[in-house]
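Biologist: Could we go through some of the labels used for this model? I would like to hear the reasoning behind them.

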Amino acid sequence: MLLSNDGETQEFATSEESSNNILSKDSALYAILKKSLFASAPSIVPCHRDNPDLNNCIIKAVEDLRPLLATGELGEGYRSPPLEPLYLDNIELGRGRQFEAVFSEMVVKGGSNFIINKLSANASNLSFDLVLTLPRLDFTGKYFMKLNILLLDIQGRGNMRGYCENAKALVKIRGVRVPMPDGLEYVRFTRLPLKINIDVFKLHLDNLFNGDRILGDVGNTIINDNQDLYLSEIIPGLERGLSKKFLDIANMMMANTTFDEMFPL
C-alpha cells in the first residue's frame with residue numbers, strides 16, 4: 001500500500017500467504033532485512049521534521065553531500081548514479097519541415113555544481129520546491145539535424161559539442177511514504193518535474209553540409225546567432241532527460257531510508 005501526499009491510499013496486489021509469513025514483523029528474516037536495509041548512507045545528514053529552519057538544514061545537508069554526488073560514492077558501500085558525468089537518453093525534436101533534430105549519446109558535465117537559490121520544504125508531505133542555478137553545463141554527443149533558418153537549409157549528421165551558462169531551474173519534487181509490515185515507512189519519490197531557462201547556449205555541429213568547412217562555419221554561426229528560433233524546441237527534451245535522471249538518483253539515494261531516518265522527530 002502507498003500513502004500519497006493527500007492521505008489517499010493505493011492498494012497493490014499482495015503476495016502469497018507463505019511469503020507474508022516469511023516477511024512478517026516477527027520473522028528472523030525480516031529482522032535481518034530491517035537491520036541491513038533500513039539504514040541511510042552515513043553521508044546523508046537527517047533534518048528534524050519540526051526544525052523551524054528546515055529549509056536551511058536541508059540545503060546544508062545537500063551542500064555537504066555535493067562532493068559525493070559527483071562520483072555517486074556515498075560511503076560504506078552506498079551508491080547513487082553519479083552526477084559527473086550525466087548520460088542522457090535520446091532527445092528527439094521536430095517542428096514539421098522547418099526543424100527536425102535528434103541528439104543522442106549525450107554526456108553532460110557540470111551538473112554537480114548546482115546552486116540552491118531557494119527551497120520550500122514540507123517534510124510531512126515529502127514536497128519540495130527548489131530554485132536552482134546551474135552555472136555551466138558542457139555537453140557532447142551525436143546529432144542529426146535539418147533546420148530551415150533565414151532561407152537557408154542547414155543539414156548535417158555527426159559529432160556535436162556545446163555548453164550553456166547561467167541556467168535557472170524550477171524543480172518540484174514530490175514523494176510518498178511506503179508502509180512496511182512493522183509500521184515503519186520508507187521514502188519513494190514519484191515526480192520531479194523541472195522547468196529550465198537558459199541565459200547562454202552555444203552549440204557546435206561537426207560535418208554540416210557534408211563536411212564543407214566554410215559552409216559548416218557559416219551554418220554554426222547562423223545557428224548560434226539565432227538560437228531563440230530553436231532553443232525553445234531543445235529545452236523541453238533537456239528538461240525531460242534531466243528530470244528522469246535526477247528522479248532516479250533521488251530514489252536510489254533514499255532506497256533504504258525510512259521516513260523517520262530522513263526526518264526524525
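**Reasoning behind the labels**

Modeller: Happily! This is a predicted model, and a good place to start is D64, which forms a salt bridge with K60, with their closest N and O atoms 3.0 Å apart.

Biologist: What makes D64 and K60 a salt bridge?

Modeller: The cut-off is 4 Å between a side-chain nitrogen of Lys or Arg and a carboxyl oxygen of Asp or Glu. The pair's closest N and O atoms are 3.0 Å apart, so the label applies. D64 and K60 are four residues apart in helix α3, which means about one helical turn separates them.

Biologist: Why is K60 called exposed, and why is D64 called partly exposed?

Modeller: Exposed means over 50% relative accessible area. K60 has 53%, so K60 is exposed. D64 has 42%, which lies between the 20% and 50% limits, so D64 is partly exposed.

Biologist: How do you know that the span of helix α3 agrees with its number of residues?

Modeller: At 1.5 Å a residue, its 18 residues should span 26 Å, and the end C-alpha atoms are 27 Å apart, so the two agree. There is also a kink of about 50° at L65, shortly before P67.

Biologist: What makes D129, K172 and R174 a network?

Modeller: D129 forms a salt bridge with R174 at 3.0 Å between the closest N and O atoms, and another with K172 at 3.7 Å. Both values are within 4 Å, so D129 links the three residues.

Biologist: Why is R174 called buried?

Modeller: Its relative accessible area is 15%; buried means under 20%, so the label fits.

Terms used:
Residues numbered from 1 in each chain as written. Predicted model: local features only at pLDDT ≥ 70, side-chain atom pairs only at ≥ 80, totals over all residues. Heavy atoms only, no water. Helix = DSSP H or I, 4+ residues; strand = E, 2+ residues; numbered from the N terminus. Expected span 1.5 Å × (residues − 1). Bend = angle between axes of the 7 residues up to and from the residue. Buried < 20%, exposed > 50% of the residue type's maximum accessible area, 1.4 Å probe, protein only.
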